[in-house]
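Subject: Structure handover

Hello,

Here is the structure you asked for. Please open it alongside this message, and my notes follow below.

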Amino acid sequence: MNNGNSGTLLGHPKGLFLLFGTELWERFSYYAMRAILVLYLTDKTINGGLGWTTQEALSLYGIYTGLVYITPLIGGWIADNFLGQRRSIIIGGVLMALGQFTLALPNSMVDPHAVTAFYLGLGLLIIGNGMFKPNISTMVGDLYQEGDNRRDGAFTIFYMGINLGALLAGIVAGSASTAYGWKAGFVAAGIGMVISLITQMIFAERLLGDVGKVPAAKRAANMNASGKKEPLTKKEIDRLKVIMIMGLFVVVFWAGFEQAGGLMSIYTQEYADRMIGSFEVPTAWFQSLNPFFIITMAPVLASLWVKMGPKEPSSPVKFAMALFMLAIGFVFMMGAVVQQGGDLTAKTSMLWIIAAYFFHTMGELCLSPIGLSMVTKLAPLRLASLMMGVWFGFNAVANYVAGIIGSQVGEAGPMAIFSGIAIAAGISGVVLLLLSNQLIRWMHGAEGKIDQAVLEGAEPQPAKA
C-alpha cells in the first residue's frame with residue numbers, strides 16, 4: 001500500500017499529522033457538546049435549558065455516550081467491507097456537523113420545548129460518530145508496517161491531538177454558553193466539526209496516499225494465496241482473546257473515569273468552592289483539566305517508558321497501573337466529601353477535584369493510547385476497523401454503566417459511589433496483574449522482547465508493578 005510519499009515530520013509520516021488535525025477538531029466538537037450537555041439538560045433558568053432532573057439528565061447522558069461508543073462496531077464493519085475508512089470518516093463528519101447545528105437551532109424554529117431538535121441532533125451525532133471514530137484510529141496504524149516500533153509513539157502524538165481538542169472545547173463551550181446561552185456552545189461544536197472536515201478533504205490525497213481507500217477485507221483477501229477470505233489462524237484467535245479480555249478491564253476503568261462529565265460535573269457545580277478572588281470558575285472549565293494534564297504529562301510518561309528500556313511494563317501491566325490511578329483519584333473525591341462533614345450546604349475545596357482529575361488522567365495515559373496501539377497490532381487486517389469498533393464498544397458498556405452509577409447519587413450519596421468505584425478499580429488492577437503473563441503469551445510477540453521471552457519458554461517473571 002502507498003502510505004503517502006510526502007516525507008516525514010518528527011520521524012513520522014506527514015499523514016499522521018493530518019489525522020492528528022482531523023481528530024483534534026472532531027474531538028473539539030464532541031467534547032464541546034459533552035461539556036455542556038448535562039448542564040443544559042438540568043438548567044431551569046431563562047438561559048434556555050430543558051429543566052430536567054439530575055437523575056433524568058445523567059441517565060440520558062449514559063445512554064447517549066454509550067451509543068456513541070457502540071455504533072463504531074457498525075461503522076467499522078461497513079468500512080472494512082464496503083466503503084473503506086477514508087469515505088467513512090467524511091460521511092461521519094458531515095452527519096456530526098449536521099447534528100451539532102441541529103442542537104443549536106432556536107427552540108421556536110422546531111418546537112417550543114426543543115425536544116424534537118434535541119433528539120434529532122443526538123441521533124445524527126451518534127450515527128456520524130459510528131462512521132468516524134473507529135476508522136480514523138485504524139488509519140493511524142495503517143501508516144506503519146507491521147513491526148514498526150514507531151507505532152506506539154504515533155498513537156501518543158495522535159492522542160495528544162485528541163486532548164488538545166478537548167482542552168479547547170471545555171474553555172470555548174463553557175465561555176460561549178456563559179456569555180451567549182447554551183445554543184452558542186452547540187454552534188461552537190458545529191464549527192469545530194466543519195474545520196475537521198475541511199482539513200481532511202483538502203490534504204488527504206497528498207498526505208495519506210492510498211491509506212483508507214480500499215476496504216480492509218478486500219486488501220486482506222488480495223494478500224492471501226487463494227485470493228479469498230480464509231479462516232482465522234490460532235495465532236490470530238489468541239490475539240483476539242487478548243483484546244476481549246483486556247476490554248473487560250477497560251469497562252471498569254471508563255465506568256469510573258466517565259463520571260467526569262456526569263456525577264463529578266454535578267458535584268463540582270453544587271458543592272465545590274469555585275471562587276478565585278471575585279471570579280467564579282465555570283464548571284465546564286473543569287472538563288479541560290483532563291486534556292491539560294494529558295498534554296503536559298504525556299511527554300513525561302513517554303520519556304519514562306523509553307528510559308526504562310527492557311524494564312518497560314507490558315500493556316496488561318500498564319492497564320493495571322491505570323486502574324490503580326483511577327482508585328487513587330476517587331480517594332481524593334472521598335476527601336472532598338469528608339471535608340463537607342455531612343453538611344450538603346457546605347462547600348469543599350476544588351483542590352480535591354483537581355487532584356482527582358490529575359490521577360484519573362495519569363491512569364488514562366497508561367490505558368487509552370496503549371489500547372489503541374495494541375488493537376492495531378493484534379487485530380487481523382480484515383477485521384481491523386471492526387475490532388477497533390469492538391474496542392470502543394467496551395467504552396459503550398462503560399459509559400452506560402457510568403450513567404447508571406451516577407444516577408444513583410440521590411439515593412446512595414457521593415461517598416458510597418466514590419468509595420465503591422475506588423474499591424472496584426483497585427481489585428480489578430490486582431486481578432489483571434495476576435493474568436498478565438498469560439495475556440503476554442497470547443500476544444505472540446506483538447510487544448517485542450517482553451513477549452518473546454515468555455514465548456520462547458523462559459521462566460515467567462513476576463508481573464511488574
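Let me start with one residue. Ala97 is buried, with a relative accessible area of 8%. That value falls under the 20% cut-off for buried. Ala97 sits in helix α4. Setting aside neighbours within four places in sequence, Ala97 is in contact with Met193 and Val194. Ser29 is another residue to look at from here. Ala97 and Ser29 are 68 residues apart in sequence, yet their C-alpha atoms are 8.4 Å apart in space.

Please keep in mind that this is a predicted model.

**Overall picture**

The protein has 18 helices and 6 strands. Of its 465 residues, 56% count as buried. How much of the contact set comes from residues 24 or more positions apart? Among contacts with a separation of 6 or more, such pairs account for 83%.

**The core**

The largest nonpolar core holds 125 residues. Within it, the residues with the most contacts are Met33, Leu41, Tyr64, Phe118 and Trp391. Helix α1 (residues 14-42) gives the largest share of this core, 14 residues.

Trp391 deserves a look on screen. Leaving out neighbours within four places in sequence, its contacts include Ile243, Met246, Gly247 and Val250. Phe319 is also in contact with Trp391. So are Gly371, Leu372, Met374 and Val375.

**Salt bridges**

A search of the whole structure finds 9 salt bridges. Here are some of them.

Arg86 forms a salt bridge with Glu205, and the closest N and O atoms are 3.8 Å apart. This pair links distant parts of the chain. Arg86 is in helix α4 (residues 85-103), Glu205 is in helix α8 (residues 182-208), and 119 residues separate them. Is Arg86 buried or exposed? Arg86 counts as buried, because its relative accessibility is 10%.

Glu205 has a second partner to check. The side chains of Glu205 and Lys213 meet in a salt bridge, at 2.8 Å from N to O. Lys213 has 33% relative accessibility, so Lys213 counts as partly exposed. Arg86, Glu205 and Lys213 are thus linked in a network of salt bridges.

Asp238 and Lys234 form another salt bridge, at 2.9 Å from N to O. Both residues are in helix α10 (residues 234-257). They are separated by about one helical turn, because they are 4 residues apart in that helix. An α-helix has 3.6 residues a turn, so residues three or four places apart point the same way. How do the two ends of this bridge stand in terms of burial? Asp238 counts as buried, at 4% relative accessibility. Lys234 counts as exposed, at 60%.

**Helix packing**

Two packed helices are described by the angle between their axes and the distance between the axes. I have two pairs for you.

Helix α3 (residues 72-83) packs with α4 at an angle of about 130 degrees, and their axes are 8 Å apart. That angle makes α3 oblique to α4. From the α3 side, Ala79, Phe82 and Leu83 make the contact. From the α4 side, Gln85, Arg87, Ser88 and Ile91 do so. The crossing of α3 and α4 is right-handed.

The other pair is helix α13 (residues 315-340) and helix α17 (residues 414-442). Their axes come within 8 Å and cross at roughly 165 degrees. Angles over 145 degrees count as roughly antiparallel. Therefore α13 is roughly antiparallel to α17. The crossing of α13 and α17 is left-handed.

**Helices α6 and α9**

Thr138 is found in helix α6 (residues 115-142). At 4% relative accessibility, Thr138 counts as buried. Which residues does Thr138 touch, not counting those up to four places away in sequence? Thr138 touches Gln85, Ala384, Ser385 and Met388. Gln85 also appears above, on the α4 side of the contact with α3.

Helix α9 (residues 216-223) has Ala216, Ala217, Arg219, Ala220 and Ala221 as its buried residues. What do the buried residues of α9 pack against? They pack against α3 and α6.

Best wishes

Key
Residues are numbered from 1 along each chain as its sequence is written. This is a predicted model: local features need pLDDT of at least 70, side-chain atom pairs count only at pLDDT 80 or more; totals for chains, interfaces and linings use all residues. Side-chain values use heavy atoms; hydrogens and water are left out. A salt bridge is a side-chain nitrogen of Lys or Arg within 4 Å of a carboxyl oxygen of Asp or Glu. Helices (H or I, at least four residues) and strands (E, at least two) are DSSP runs, numbered from the N terminus. Buried means under 20% relative accessible area, exposed over 50%, partly exposed in between (1.4 Å probe, protein chains only). A nonpolar core is a set of buried Ala, Val, Leu, Ile, Met, Phe, Trp, Tyr and Cys residues joined through side-chain atoms within 4.5 Å. Contact means heavy atoms within 4.5 Å. Axes are lines fitted to C-alpha atoms, for helices over the stretch in contact, and angles run from 0 to 180 degrees between N-to-C directions. Angles under 35 degrees count as roughly parallel, over 145 as roughly antiparallel, 65 to 115 as roughly perpendicular and the rest as oblique. A crossing is left-handed if the near helix is turned anticlockwise from the far one by less than a right angle, and right-handed if clockwise.
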